[in-house]
Amino acid sequence: TLTARRAVVVATGSSPAMPPIDGLAEADPWGNREATTAKSAPESLVVLGGGFVGVELAQAWRTLGSDVTLIEAEDRILSPEEPFASEQVADGLREIGVEVRTGVKASAIRVEEGLVRVELEDDGSAIGERLLVAVGRKPNTVEIGLDAAGVEAGERGYLEVDDQLRVMTRDGQAHRAVSEWLYAVGDVNGRALLTHMGKYQARIAGDHILGKDVAATEDRRAVPRVVFTEPQVAAVGLTFATARERGFNARAVDVPTAGNAGASFTGRNAPGTSRLVVDEDRRVLVGATFVGPETAEFVHAATIAVVGEVPLER
């Protein structure tokens, strides 16, 4: 038993969300942890979900020899990113032999003679030796004693926090207050489910516990992110559509990723598109997306431009 004299930080993370599909439990599905620690490649694999985890692991297991089918309920994979990123990653997956099906939902799952059959709402099906579920995350907030601290998880199970990462508590029937001693960092608060953002929040929470005047802001604004596929997707800030939805006078500037001189170093034509999203009123970048080989190298400079609001003229 540990006794805290100053503060408690909840950093319990998240687990793969398992959708309420008939027969799923009997299929003994993989989550991301099982899929990244398996000792041998299954002969065939069905992946439910076309987000970051789904596309990265579909490519990984295909290159290790598995026949892979990727199923995504939305009309495109990587739906939060730019549409061209979705298209070019889907093309890359298909080129290496991944069967990509979009706009279809799983209706039931059956285990037959050692194989997993995923039945789809369009009357089709997909069969694999293993099933990987990558349809999202759920916070690990169940049975950790939140009631004892007067805390209720939100509708999706996340802990609501302020910008100092202090947890919101309930006082009486309706009044909500900020805890003076309970903090939550990382996936468990739902603000930005990325490793580097969890580390960022941990630094802010630690400084606040030490009495410093700090606030977490960048995990809501310009989050850099990379999808490690071939081609890679590296992005920071807003997509063009999101910028327009938020009321920016936005303009998208697109060029082929192969258009910069360094592209020749890849030894091929560097397929892909690079987009900068410009706020015309302030003449600064509010977002950037790069698709192509090794584009993760591009995102740091773009992050500086977006976060620092560097003027286009500069």
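I started with the largest nonpolar core (buried Ala, Val, Leu, Ile, Met, Phe, Trp, Tyr and Cys residues joined through side-chain atoms within 4.5 Å): of its 23 residues, Leu70, Ile77 and Leu93 touch the most other members. Buried here means under 20% relative accessible area, with a 1.4 Å probe and protein chains only. Five residues, the largest share of this core, come from α3.

Housekeeping: this is a predicted model, where local features need pLDDT of at least 70, side-chain atom pairs count only at pLDDT 80 or more, and totals for chains, interfaces and linings use all residues. Residues are numbered from 1 along each chain as its sequence is written, and side-chain values use heavy atoms, with hydrogens and water left out.

Next I checked Leu93. Leaving out residues up to four places away in sequence, Leu93 touches Val55, Gln59, Leu70, Ile77, Val98 and Val100, a contact being heavy atoms within 4.5 Å.

Then I looked at α3 itself (helices are DSSP H or I runs of at least four residues, strands E runs of at least two, numbered from the N terminus). Phe84, Ala85, Ser86, Val89, Ala90, Gly92 and Leu93 are its buried residues. They pack against α2, β4, β5, β14, β16 and β17. Just past the helix, Gly97 has a positive phi of about 105°.

Last stop was Asp279, which sits in strand β16. Is Asp279 buried or exposed? I noted it as buried, because its relative accessibility is 3%. Its side chain makes a polar contact (N or O atoms within 3.5 Å, one able to donate a hydrogen and the other to accept it; sequence neighbours count only if both atoms are side-chain atoms) with the side chain of Arg282, at 2.6 Å.

How values were computed
Buried means under 20% relative accessible area, exposed over 50%, partly exposed in between (1.4 Å probe, protein chains only).
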